[in-house]
Amino acid sequence: LNEIERPRGYTVSYHFNPEVEGHHFGKLHPMKPWRLTLTKQLVMSYGLHFAMDNYVSLKATKEDMAVFHDRDYLEFLSKITPENITTYEVDHERFNFGEDCPVFDGLWDYCSLYSGATVDAVRKLTNSQSDIAINWTGGLHHAKKREASGFCYVNDIVLAIIELLRFHPRVLYIDIDVHHGDGVEQAFQSTNRVMTVSFHKYEPANFFPGTGAADETGPNNAGKHHSLNVPLKDGIDDDQYIYLFDEIIGRVIASFRPAAIVLQCGADSLGGDRLGKFNLNIRAHGHCVEFVKRQGLPLLILGGGGYTARNVARLWCHETAVCVGANLNDELPQHIPYRQRFEGAKNGNGKMYPVLDTGSTRHENEHDLDYLNSLIKNVTETLRYLEF
Ligand code: V1P
Ligand code: CA
Ligand code: ZN
């Protein structure tokens, strides 16, 4: 385990508070904070923690959250419990709580914990104690100023970007969760200091949240041309995704010249995800992390969606390894807690899939090269409007 050498020249910090894993959205709800325990266990089984600075993060305060969220929304969020829900029926509806965003025991703690880890992580970047800061418990991109949405209550990503803007002139946000990063896009729709780029499945009315068309590039103000959307269909594969990502993000970085990057690494874009519709393997997803890391800019790495727990853990463990510059053995470590949880990932021969495969091609691939090139062309044309 000790053989992983600390890469010279840059520091990776890992931000986690184990209290987060004890929270439950409800038995039938797809979001399982327990996947974060599995991730942490796998990271430690490979000894990756020896190659990082590890922090048990503090909870975010209401003040931390109020840099983006409305006070009355935060008041509600901090006081609502399953017991007093009927007292606050109007607010419950007004703030969009319900099936996707249920009120559960410890909700406020859960929100403070994942947001606190993001706030800690971004502060390590801005005070130069870290070059790549990781919080797999964050990345909750749908939350709005005064509204919960899509399993997200506090938008920790927006909190992080606001903090980065205190130190950096321009921040690039990249979102590879299978869903559109609508909350982050909306929060910065009126500034040219943040460019948001989301890759997602797009099928209005049939796939949440239904926004993120290619021509949705920002309203007619300073933020015009600073929201980029890459709407995808079912079944995109590794080579296609890598091609799109490199072409698009390469051009965005050359034109926008960010001083810092936030990468939301939602694991629901993997094949075999319970909610997602893509066919990606860990290799392609991890390639995006590698590509962004290579830019050598302060980098905040966040989680997000991901509903097939063993794949979430494998993915984020691999991406932690990418950050520290380690190559993981293709066999899972022998002594790993919850080992049986990974053993569901067998191929037709009853053998475990190698670590970088999810082994799923269950969605028919609806993309061809013409479609991919039309997406690249669309982004290129939007970027031509950027002037500095
Ligand atoms: O589709 C919907 C809404 C509910 N309908 C009326 C439309 N909601 C989705 C929400 C997906 C949220 C993704 C979050 C993230 O981007 C970031 C953490 O990954 C939804 C789905 C679905 N299949 O898309 N909610 C649920 N499934 C759900 C199922 C069971 C219980 C509760 C929610
Ligand atoms: Ca996305
Ligand atoms: Zn998602």
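The following conversation concerns two metal sites in a predicted model.

Reader: Which residues are the protein donors of the calcium ion (ligand 2)?
Author: The calcium ion (ligand 2) has as its protein donors D175, through both O and OD, together with D177 (O), H179 (O), S198 (OG) and F199 (O). These atoms lie 2.5 to 3.0 Å from the ion.

Reader: Why is the arrangement around the calcium ion (ligand 2) irregular?
Author: The six donor atoms subtend angles of 70 to 166° at the ion, and this makes the arrangement irregular.

Reader: How are the donor residues of the calcium ion (ligand 2) spaced in sequence?
Author: Their spacing is D-x1-D-x1-H-x18-S-F. D177 belongs to the loop between strand 4 (171-175) and helix 7 (182-187), while F199 belongs to strand 5 (residues 194-201), so this pair ties together parts 22 residues apart in sequence.

Reader: Is D177 buried or exposed? And what about F199?
Author: D177 is buried, its relative accessible area being 1%. F199 is buried as well, with a value of 0%.

Reader: Turning to the zinc ion (ligand 3), what are its protein donors?
Author: They are D177 (OD), H179 (ND1) and D268 (OD), at 1.9 to 2.0 Å from the zinc ion. Along the chain, these donors follow the spacing D-x1-H-x88-D.

Reader: Where do H179 and D268 lie?
Author: H179 is in the loop between strand 4 and helix 7, and D268 is in the loop between strand 7 (260-264) and helix 9 (282-293). The pair links distant parts of the chain, 89 residues apart.

Reader: How accessible is H179? And D268?
Author: H179 has 6% relative accessibility and counts as buried. D268 is buried too, at 0%.

Notes
Residues numbered from 1 in each chain as written. Chains lettered and ligands numbered in written order. Predicted model: local features only at pLDDT ≥ 70, side-chain atom pairs only at ≥ 80, totals over all residues. Heavy atoms only, no water. Donors = N, O, S within 2.8 Å, 3.2 Å for Na, K, Ca; no water. Tetrahedral: all angles 85-135°; square planar, octahedral: opposite > 155°, others 65-115°. Helix = DSSP H or I, 4+ residues; strand = E, 2+ residues; numbered from the N terminus. Buried < 20%, exposed > 50% of the residue type's maximum accessible area, 1.4 Å probe, protein only.
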